[in-house]
Amino acid sequence: ASLLEGGPVPVVRIAIQDNGHGFDPDQRPEGASLGIASVRERLKLAYAEADLAIVSEIGSGTLVTIQIPCHDRQAG
């Protein structure tokens with residue numbers, strides 16, 4: 001919620017989806033999540049309320065969603 005108005009903060013939502021093979025999150029190769037952890041950490045450093053989500057299912061592809069809050073720079 002916006003600290004100034006008490007209402008919800010608008011967000012920019014970026015979604016990237018493919019229709020590839022997908023993957024089982026429990027069986028990723030060792031170290032594969034290091035890159036994702038780094039991206040997630042950098043997002044949080046730049047935008048404390050940012051979020052990165054990955055949903056994948058074998059045979060159905062993968063969906064990556066990044067959500068970044070939009071703050072009015074003049075108001076903050």
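**Close-up views of a predicted β-α-β-β model**

**View 1. Thr 62, a buried residue of strand β3.** Thr 62 has a relative accessible area of 13% and is therefore classed as buried, the limit being under 20%. In this predicted model, the residue lies in strand β3. Opposite Thr 62 of β3 stands Asp 18. The side chains of Thr 62 and Ser 56 form a polar contact of 2.8 Å. Leaving aside residues up to four places away in sequence, Thr 62 touches Ile 16, Gln 17, Asp 18, Gly 22, Phe 23, Ile 54, Val 55 and Ser 56. Asp 18 and Ser 56 thus each appear among these contacts.

**View 2. Arg 13, an exposed residue of strand β1.** Strand β1, which spans residues 11-18, contains Arg 13. With a relative accessible area of 54%, Arg 13 is exposed, because the threshold for that class is over 50%. Not counting residues up to four places away in sequence, the contacts of Arg 13 are Thr 65, Ile 66 and Gln 67. With Gln 67, the arginine also forms a side-chain to side-chain polar contact of 2.8 Å. Arg 13 and Leu 52 are 39 residues apart along the chain, and their C-alpha atoms are separated by 9.8 Å.

**View 3. The open three-stranded sheet.** The sheet consists of 3 strands in the order β1-β3-β2, paired in the antiparallel sense. Strands β1 and β2 occupy the edges and have a single partner strand each, so one side of each has no neighbour in the sheet. From one strand to the next, the twist averages 10°. The antiparallel pairing of β1 with β3 comprises 8 bridges, while 7 bridges join β2 to β3. Strands of a sheet pair through backbone hydrogen bonds, in either a parallel or an antiparallel arrangement.

**View 4. The hairpin of β2 and β3.** Strand β2 covers residues 51-57 and strand β3 covers residues 61-69, the two running antiparallel. Between these strands lie 3 residues, and Gly 59 of the hairpin adopts a positive phi near 85°. Within the pairing, Leu 52 has Ile 66 of β3 as its bridge partner.

**View 5. The largest nonpolar core and the surroundings of Ile 68.** Five residues constitute the largest nonpolar core: Leu 43, Ala 50, Leu 52, Ile 66 and Ile 68. The bridge partners Leu 52 and Ile 66 are both members of this core. Ile 68 touches Pro 10, Val 11, Val 12, Leu 43 and Tyr 47, residues up to four places away in sequence being excluded. One of these contacts, Leu 43, also belongs to the core.

**View 6. The whole chain, for orientation of the close-ups.** The protein has 1 helix and 3 strands, arranged β-α-β-β from the N terminus on. Of its 76 residues, 16% are buried. Among contacts with a separation of 6 or more, 59% involve residues 24 or more positions apart. The accessible surface amounts to about 6100 Å², and carbon and sulfur atoms contribute 53% of that area.

Note on methods
Residues are numbered from 1 along each chain as its sequence is written. This is a predicted model: local features need pLDDT of at least 70, side-chain atom pairs count only at pLDDT 80 or more; totals for chains, interfaces and linings use all residues. Side-chain values use heavy atoms; hydrogens and water are left out. Two strands pair if DSSP finds at least two bridges between them. Helices (H or I, at least four residues) and strands (E, at least two) are DSSP runs, numbered from the N terminus. A nonpolar core is a set of buried Ala, Val, Leu, Ile, Met, Phe, Trp, Tyr and Cys residues joined through side-chain atoms within 4.5 Å. Buried means under 20% relative accessible area, exposed over 50%, partly exposed in between (1.4 Å probe, protein chains only). Contact means heavy atoms within 4.5 Å. Accessible areas come from the Shrake-Rupley method with a 1.4 Å probe; for residues, only the protein chains shown count as cover. A polar contact is a pair of N or O atoms within 3.5 Å; within protein, one must be able to donate a hydrogen and the other to accept it, and residues adjacent in sequence count only if both atoms are side-chain atoms. Axes are lines fitted to C-alpha atoms, for helices over the stretch in contact, and angles run from 0 to 180 degrees between N-to-C directions.
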